[in-house]
Amino acid sequence: MRESEVRTITVGMEYIGAVLSVNHYMGRTPDGSQYVKKEARQWMSDLGWLIKTAHIEDWKQPITVHLEGHFRDARSCPDLHNLLKCVCDGIQELTGLNDRGFQTATGEPEIDGNEEAELFITITEAR
């Protein structure tokens, strides 16, 4: 790899709904402690395994996590900023990288009535 080349990986993930939102992916037990909801935990694990082969923990830090998506209609379209916490936590869980050091960005959601809702996560190493 030449010095000017920057490594990047993009993965597509099904959007499983509001359970991925920063407002909904955590639950509380009767004693008040927090936990990650089962559906969100599985989604985060699936994301981690898709990026594992890239070994981003060996990349020049800080990495940038960019989130985009396409959705059937504007009504079902989430605020992508609210999904970043779940995405970054999923990356942190499998790689061990502290998500406080991640740089994050979102694109404009695309509306396409013919497609299933899907998220695209692009991870890029620092220059």
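Leu67 of strand S4 has Ile121 as its bridge partner in strand S7. On the S5 side, the bridge partner of Leu67 is Thr106. The model is predicted, and the strand pairings below are those computed from it.

S4 covers residues 64-71 and S5 covers residues 103-106. S7 takes in residues 118-124, and S6 consists of residues 110-111. S4 runs antiparallel to S7, with seven bridges joining the two. Towards S5 the direction is parallel, and four bridges make the connection. S6 is also a parallel partner of S4, joined by two bridges; here His70 stands opposite Glu110. The table sets the three pairings side by side.

| Strand pair | Direction | Bridges |
|---|---|---|
| S4 (residues 64-71) and S5 (residues 103-106) | parallel | four bridges |
| S4 and S6 (residues 110-111) | parallel | two bridges |
| S4 and S7 (residues 118-124) | antiparallel | seven bridges |

As a general point, side chains in a regular strand alternate between the two faces of the sheet.

The loop between H1 and S4 holds two backbone features. One is at Pro62, which is found in this loop: the peptide bond from Gln61 to Pro62 is cis, with omega near 5 degrees. The other is at His55, in the loop between H1 and S4 as well. His55 is not a glycine, yet its phi is positive, at about 50 degrees.

Next come the helices. The angle between the axes and the distance between the axes describe two packed helices. H1 and H2 pack with their axes 8 Å apart, at an angle of about 60 degrees. Angles from 65 to 115 degrees would count as roughly perpendicular and those under 35 degrees as roughly parallel, so H1 and H2 are oblique to each other. The crossing of H1 and H2 is right-handed.

Both helices also take part in the largest pocket. Helix H1 (38-51) and helix H2 (84-95) each supply at least two residues of its lining. What is the volume of the largest pocket? The volume is about 170 Å³. The lining is made up of Val36, Arg41, Met44, Ser45, Gly48, Trp49, Asp89, Gly90, Gln92, Glu93 and Leu94. By residue class, four of the lining residues are nonpolar, four are polar and three are charged.

How values were computed:
Residues are numbered from 1 along each chain as its sequence is written. This is a predicted model: local features need pLDDT of at least 70, side-chain atom pairs count only at pLDDT 80 or more; totals for chains, interfaces and linings use all residues. Side-chain values use heavy atoms; hydrogens and water are left out. Two strands pair if DSSP finds at least two bridges between them. On a 1 Å grid over the protein atoms alone, a cavity is a set of points where a 1.4 Å probe fits but cannot get out, and a pocket is an open set with protein on both sides within 12 Å along at least five of seven lines; lining residues have an atom within 4 Å of a point. Grid points are joined across faces, edges and corners, and a volume is the space filled by probe spheres set on the points. Ala, Val, Leu, Ile, Met, Phe, Trp, Tyr, Cys and Pro count as nonpolar, Asp, Glu, Lys and Arg as charged, and the others, Gly among them, as polar. Axes are lines fitted to C-alpha atoms, for helices over the stretch in contact, and angles run from 0 to 180 degrees between N-to-C directions. Angles under 35 degrees count as roughly parallel, over 145 as roughly antiparallel, 65 to 115 as roughly perpendicular and the rest as oblique. A crossing is left-handed if the near helix is turned anticlockwise from the far one by less than a right angle, and right-handed if clockwise.
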